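Me: I am new to this structure and would like a close look at a single part of it. Please take me through that part slowly, and then connect it to what lies elsewhere in the chain.

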Amino acid sequence: MFTGIVEEVGTVAALERRGEKILLRVKADSVLEDTKIGDSIATNGVCLTVTSMSEGSFTADMMTVTAKKSALDQLRPGSAVNLERALLPTSRMGGHIVQGHVDTVGKVQGIEPHEGGYLLHIAVEKKWAPYFVAQGSVTLNGVSLTIARAGGNDFSVSLIPETLRSTNLGKLKPGDPMTVEFDIVGKYLLRQHEVAEEASPLDMNFLRKHGF
């Protein structure tokens, strides 16, 4: 589990396809402290398991389907990636609960100055609309953010200059893909509502049968 508070921006050193897997090597510094093989590091919001380490870098394996679903297959050597180690019981919960399980890939529509900060506009498939609400949480490229505006198939998040400086969000341009993970609490609540509706006998046939 993660919080969406990026610890470091790493650099992709290599991507190597091996059958159904992609080997990703990332140059990093601070996230390597106390990290060992088998630990998890969120890379642009995707939970990856460290399979090997060397001086100044770590390697993780990804299945091709994971890379495609999360847009990590579009990374290239030199790409900047947001990194965060898994949460410890003693860590501060600075963002929100992030699993590192990407829901979809959004597309940057634009970024504009707004009240001393910036608004980042993201488009997603319309089926995801129930999962984002104004003032709710969302994770973009591994960064915990607050939704400022929710539309039908798009939403906007507020960014402060420090977020642009300390993450790879400052390098975004229109058309760029972004990993998107919606708030797990909201997903559970929505699922609970769906199950309750499926179990309810209250429909038009039920009402007619009982004289309504």
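Reply: Once its neighbours within four places in sequence are left aside, Thr35 is in contact with Ile41, Val50, Met53 and Arg85. In this predicted model, Thr35 has its place in the loop between strand E2 (21–27) and strand E3 (40–43). Its relative accessible area is 11%, and because buried means under 20%, Thr35 counts as buried.

A second loop residue can be set beside it. Tyr131 is found in the loop between strand E8 (117–123) and strand E9 (137–140), and with a relative accessible area of 27% Tyr131 is partly exposed. Leaving aside its neighbours within four places in sequence, Tyr131 is in contact with Phe182, Lys187 and Leu190. Leu145, by comparison, lies 14 residues from Tyr131 in sequence, and the two are 14 Å apart in space when taken from C-alpha to C-alpha.

The strands on either side of that second loop, E8 and E9, also belong to a wider arrangement, a closed barrel of six strands that runs E7-E8-E11-E10-E9-E12 with antiparallel pairing. From one strand to the next in this barrel, the twist averages 45°. Within the barrel, E9 is joined by four bridges to strand E10 (residues 143–150), and these two strands run antiparallel. Where E9 meets E10, Leu140 stands opposite Val143 in E10.

Notes: Residues are numbered from 1 along each chain as its sequence is written. This is a predicted model: local features need pLDDT of at least 70, side-chain atom pairs count only at pLDDT 80 or more; totals for chains, interfaces and linings use all residues. Side-chain values use heavy atoms; hydrogens and water are left out. Buried means under 20% relative accessible area, exposed over 50%, partly exposed in between (1.4 Å probe, protein chains only). Contact means heavy atoms within 4.5 Å. Two strands pair if DSSP finds at least two bridges between them. Axes are lines fitted to C-alpha atoms, for helices over the stretch in contact, and angles run from 0 to 180 degrees between N-to-C directions.
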